[in-house]
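Here is a short note for a first look. Please keep the model open while reading. The points are numbered for easy reply.

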Amino acid sequence: MFYEVSGAEYVSYKGTVALNSTERIVVSEEMLKPEGKSKTTVDRDYTSNGGANMGDLYLNINAQGSLKLESGDTFQVYARRNWWGSNVTWVLADAYWLIEPDYHYTVVDLNGNASDSVVTVSDGGLLQAVGEGTAVVLVTYDSMTLNYHDAVKVSYEGYDPNGFFGSIWPEDTGVFVVSVGAGDSGITTGMTLNEGMNDGRSKDAGDALDSELDPIYFLGEKGEYTFIPGTEGVTVSVANPAIQGGVLSFSGFTALTANEDGSYTVPLTNGRNLVKVEKDGAAEYQVITAKQITATVNGQSLEDVVVAPGEEVSVVFDTIFNPVTRMRYYNTDAGVVYTEISGLEGQKAGNGRGTYGYYFFGSTTAKQTVKNFITEGNDGSEYANPTVTLGDAWRFRRTSIRSISFFPAACSAWRASAEITERTVRVTLSRGWRPVLGPTWGSSRIFPSRWAPWKRLR
């Protein structure tokens, strides 16, 4: 069974016991008020949750992060925490008991002001289109404490899926646009990433920029993304997110000026950025996820480092994440790859990527470090899983780094997933209770795609 104990002043306490168990569960106020933690506590310790900690999410929208509905339509929003709450860690098993945090949905207009004239969203994520226009939906979640009892835990020895899971990192707030009554715009945005490098299996969107799977990493205060619209005669504007007091917000769109070649360079800030491509009163929207990072070379800042010819090079990032972590559909690893190094045509540098799933990208120094030349290949299986093999040490030869690619970008199967079936005991507390819950039942059986992360469940 699933159970949940929550209240306005408490960190929600959630868990499971085995089916047909007669075990009595005692949840005390002390357990609902863990020391130094609250509903909004953000945990940025990458070693938490067994080293897989990250405060992100997935949404079942689409690659653009933009919905089009007609007035009166409904759409069920399904959010999925990333890193997940699951009794199964990275073991391949067929009985997954997934627990989600409490989600919150905020609707604003294109200027960032509260709005309920275009869409409304219930506490359960049911979106209702109530009037024509365009709105932006922001999705966050609270912290939670999980307690999977021993009989239903499936994990490696020494790893415990129980414990505290922090609230969403503000920059990872889910964002999507809803246009009601807009119809077909006839606009092709032309926004792509790693064009020609997507194999058609790894990412449903192919070369098209994906709102969640294609994060743009940048150094300094702002990043950028340049594209040439696929439709002529458009105007382009951007709404950059701002984070104040742990809350992500928007304050309207800023028009951009085209470059001489007709391209547009979009400034990006940390979080989900909104790009609007407009012509003749119609518009397309694209969410671009941007992540601010730092990097050192041989232990020094980029401003201070001096590397002599023949000297080994070690680039360390803080922090890059695998965009596709351990959901019920995937079992992935990833690697950082410099795809082009001037002066060394045909050579690539990066870090290793194996055939097995690996979920500790953010907390593992080796995954944040590039210091070897690499070769790319596959594991020779029927799935042709991609691999990255380390070669010789990367030595400076009067070269400069031109581009970086995050490898691989994997599928978006969660967008087509159905709601997890469960039966949950929910107890909402006002003050001072010590509830004792008896057993009920519920389960979710999921069959993973083993080593083929791009394969959907049917």
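Are Y225 and F227 buried or exposed? Both are buried. Point 4 returns to this pair.

1. Status of the model. Please read everything here as a prediction: the model is predicted. The values below are computed from it.

2. Overall make-up. The chain has 458 residues, and 53% of them count as buried. Its secondary structure amounts to 33 strands and 2 helices. The accessible surface is about 20400 Å². Carbon and sulfur atoms account for 47% of that surface. Now take the contacts between residues at least 6 apart in sequence. Of these, 70% link residues at least 24 apart.

3. A sheet to look at. Find the open sheet of 3 strands. Its order is β6-β10-β9, and the pairing is antiparallel. β6 (74-76) and β9 (119-121) are the edge strands, each paired on one side only. From one strand to the next, the twist averages 20°. β10 covers residues 126-129 and is joined to β6 by 3 bridges. For one residue pair, go to F75: its bridge partner in β10 is L127.

4. Aromatic pairs. How many aromatic pairs does a search of the whole structure find? The search gives 16. One of them is Y225 with F227, and this pair is stacked. The ring centres are 6.0 Å apart, with 20° between the planes. The pair counts as stacked because planes under 30 degrees apart fall in that class. Both residues are buried, as stated at the start.

5. An aromatic cluster. W83, W84 and Y96 belong to one cluster with Y358, Y359 and F360. Keep Y358 in mind for the next point.

6. A lysine in a loop. Where is K367 found? K367 sits in the loop between β27 (348-350) and β28 (369-370). Why does K367 count as buried? Its relative accessible area is 8%, and buried means under 20%. Leaving aside residues up to four places away in sequence, K367 touches D333, A334, V336, N351, G352, R353, Y358 and F361. Y358 in that list is also a member of the aromatic cluster.

7. A lysine over a ring. Check K37 as well. K37 lies over the face of F164. The distance from the ring centre is 5.2 Å.

8. Suggested viewing order. Begin with the β6-β10-β9 sheet. Go on to the stacked Y225 and F227. Then view K367 with its contacts, including D333 and R353. End at K37 and F164.

Key. Residues numbered from 1 in each chain as written. Predicted model: local features only at pLDDT ≥ 70, side-chain atom pairs only at ≥ 80, totals over all residues. Heavy atoms only, no water. Helix = DSSP H or I, 4+ residues; strand = E, 2+ residues; numbered from the N terminus. Buried < 20%, exposed > 50% of the residue type's maximum accessible area, 1.4 Å probe, protein only. Contact = heavy atoms within 4.5 Å. Areas by Shrake-Rupley, 256 points an atom, 1.4 Å probe, with all protein chains shown as cover. Pairing = 2+ DSSP bridges. Axes fitted to C-alpha atoms, helices over the stretch in contact; angles between N-to-C directions. Phe/Tyr/Trp six-rings, centres within 6.5 Å; stacked < 30°, edge-to-face > 60°. Lys NZ or Arg CZ within 6 Å of the ring centre and 35° of its normal.
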